Amino acid sequence: MGTSVLSLRVDGELLDRLRHHAARRGMSVQDYVVRTLVRDDFDQRFQSSVEETERFYGVG
């Protein structure tokens, strides 16, 4: 898998909050944002899998 560049424009207040959250975890802002996006993507895929399984078994 290759890598690509994603450029974001964020306001100063949001960037300050991101820096604070990243620093508390000893991470760069870039690493913090990427980790957050990956975690959110996993959560969404996991939830979709749970819903599909429930539909298959008629649960819910």
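This passage walks through the salt bridges, the main pocket and a nonpolar surface patch of the structure shown above.

The structure is a predicted model, in which local features need pLDDT of at least 70 and side-chain atom pairs count only at pLDDT 80 or more, while totals for chains, interfaces and linings use all residues. Residues are numbered from 1 along each chain as its sequence is written, and side-chain values use heavy atoms, with hydrogens and water left out.

It is convenient to begin with the charged side chains. A search of the whole structure finds 3 salt bridges, a salt bridge being a side-chain nitrogen of Lys or Arg within 4 Å of a carboxyl oxygen of Asp or Glu. Two of the elements named below are helix H1 (12-24) and helix H2 (29-57); helices are DSSP runs of H or I with at least four residues, strands are runs of E with at least two, and both are numbered from the N terminus.

In helix H1, Arg-17 pairs with Glu-13, and their closest N and O atoms are 3.3 Å apart. The two residues are 4 positions apart in helix H1, so about one helical turn separates Arg-17 from Glu-13. Glu-13 counts as exposed, at 56% relative accessibility, whereas Arg-17 is partly exposed, at 43%. Here, buried means under 20% relative accessible area, exposed means over 50%, and partly exposed lies in between (1.4 Å probe, protein chains only).

A salt bridge also joins Asp-16 to Arg-19, with 3.6 Å between the closest N and O atoms. Both residues belong to helix H1 and lie 3 residues apart, about one turn of the helix. Asp-16 is partly exposed at 48% relative accessibility, and Arg-19 is partly exposed at 46%. Looking beyond helix H1, Asp-16 and Tyr-32 are 16 residues apart in sequence and 13 Å apart in space, C-alpha to C-alpha.

Helix H2 has a salt bridge between Arg-45 and Asp-41. Their side chains meet at 3.0 Å, N to O, and the residues are 4 apart in the helix, about one turn. Arg-45 is partly exposed, with a relative accessible area of 49%, and Asp-41 is partly exposed as well, with 38%.

Attention now turns to the open space in the model. The largest pocket holds about 600 Å³ of space. On a 1 Å grid over the protein atoms alone, a cavity is a set of points where a 1.4 Å probe fits but cannot get out, whereas a pocket is an open set with protein on both sides within 12 Å along at least five of seven lines; lining residues have an atom within 4 Å of a point. Grid points are joined across faces, edges and corners, and the volume is the space filled by probe spheres set on the points.

The lining of the largest pocket comprises 19 residues, and Leu-6, Gln-30, Val-33, Val-34 and Leu-37 lie nearest its centre. H1 and H2 each supply at least two residues of this lining, and the largest share, 8 residues, comes from H2. By class, the lining has 14 nonpolar, 5 polar and no charged residues.

Leu-6 also belongs to a nonpolar surface patch with Leu-8 and Val-10, and together the three have about 300 Å² of accessible area. Within this patch, Leu-8 lies in the segment before helix H1 and is exposed, with a relative accessible area of 57%.

Terms used: Patch = residues over 30% accessible without salt bridge, like charges linked within 9 Å, V, L, I, M, F, W, Y side chains within 5 Å. Areas by Shrake-Rupley, 256 points an atom, 1.4 Å probe, with all protein chains shown as cover. Nonpolar A, V, L, I, M, F, W, Y, C, P; charged D, E, K, R; others polar.
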